[in-house]
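Welcome to a short set of exercises with worked solutions. Please have a look at the sequence and the model first, then try each task before reading on.

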Amino acid sequence: MDTSSASLGIVRNLSQYMGFFLAFVSAGFLIVATWTDCWMQNADDSLEVSTKCRGLWWECVTNVFDGITTCDEYDSIYAEHPLKLVATRGLMITADILAGFGFIFLLLGLDCVKFLTDESHIKLKICYVAGITLIIGGVPGIIGSVWYAIDVYVERSTLIINNVFLGIQYKFGWSCWLGMVGSLGCFLCGALLIACHYFFKEARYARNHSYSSRKTYLRARSSISKLYSPPQTETAKMYAVGTRV
């Protein structure tokens, strides 16, 4: 029983640290993707002397020869913007907030963190809530990044099919990839935490049930032994009296 408990403890710690790492990286990717400037970049490297990137908040141009980068912010958030831009902003900010809360919940649910109660079942429930929050946070992240990527791809494909050349064409950039990877990481981390919750919950129930059954069996055995103890014979009684004397 002690060996089994020790093994479960090791597995639980490893799963918690793995979930912590995944949550940290995923939330970081989502935040970086939201606030960087390369959601789409120019695809005509042979015709351009600069690399152009567009983000959710500003657009940057980097000269290929001297490496100088200049950025221009978009108009105020209250100005009219394309639906793709506005919707992606809202979805990614929502994903950032939810992923951040999921990471904080997971941090509080770690066994090595003594900020809250040390009760293992309470910690397990906190990690479960963290997993649910991360999965919910991954939904707007994957919707926003995939929608943006599909829109860029369809726009470029339409121009190519219609043989229209506007001087520059765009493809989705590394910020968009970070958004997709971060969202998938939230899904993976949330699934891991939820699976661990049910696994350790069942293991804890089985261990407690086994201990309770064994305790009940020993108590019943002791009662039966007392109830059916054989009566002493006359010789035994005389021997017991002689011994006390």
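## Exercise 1: Two helical residues

Met18 is found in helix H1, residues 2–34; helices here are DSSP runs of H or I with at least four residues, strands are runs of E with at least two, and both are numbered from the N terminus. Before starting, please note that this is a predicted model, in which local features need pLDDT of at least 70 and side-chain atom pairs count only at pLDDT 80 or more, while totals for chains, interfaces and linings use all residues. Residues are numbered from 1 along each chain as its sequence is written, and side-chain values use heavy atoms, with hydrogens and water left out.

Task: decide whether Met18 is buried, partly exposed or exposed, and do the same for His197.

Solution.
- Step 1: recall the classes, in which buried means under 20% relative accessible area, exposed means over 50%, and partly exposed lies in between (1.4 Å probe, protein chains only).
- Step 2: Met18 has a relative accessible area of 48%, so it is partly exposed. In space, its C-alpha lies 8.2 Å from that of Cys189, although 171 residues separate the two in sequence.
- Step 3: His197 belongs to helix H4, residues 174–227. Its relative accessibility is 9%, so it counts as buried.
- Step 4: leaving out residues up to four places away in sequence, His197 touches Leu124, Lys125 and Tyr128, where contact means heavy atoms within 4.5 Å.

## Exercise 2: The cavity

Task: find which residues line the largest cavity, and which element gives the most to its lining.

Solution.
- Step 1: work on a 1 Å grid over the protein atoms alone, where a cavity is a set of points at which a 1.4 Å probe fits but cannot get out; a pocket is an open set with protein on both sides within 12 Å along at least five of seven lines, and lining residues have an atom within 4 Å of a point.
- Step 2: the structure holds one cavity of 30 Å³ or more, and the volume of the largest cavity is about 60 Å³. Volume here is the space filled by probe spheres set on the points, with grid points joined across faces, edges and corners.
- Step 3: the lining consists of Arg12, Ser15, Gln16, Leu124, Cys127, Leu193, Cys196, His197 and Phe200. H1, H3 and H4 are the elements giving two or more residues to it.
- Step 4: H4 gives the most, with four residues. His197, buried as found above, is among the lining residues.

## Exercise 3: The sheet

Task: work out the strand order of the sheet and why one side of S4 and of S5 has no neighbour.

Solution.
- Step 1: the chain has five helices and five strands, running α-β-β-β-β-α-α-β-α-α from the N terminus.
- Step 2: the five strands of the open sheet are ordered S4-S3-S2-S1-S5, with antiparallel pairing; two strands pair if DSSP finds at least two bridges between them.
- Step 3: S4 (69–73) and S5 (170–172) stand at the edges with a single partner strand each, so one side of each lacks a neighbour in the sheet.
- Step 4: S3 (residues 58–63) runs antiparallel to S4 and is joined to it by five bridges. Here Cys60 stands opposite Cys71 in S4.
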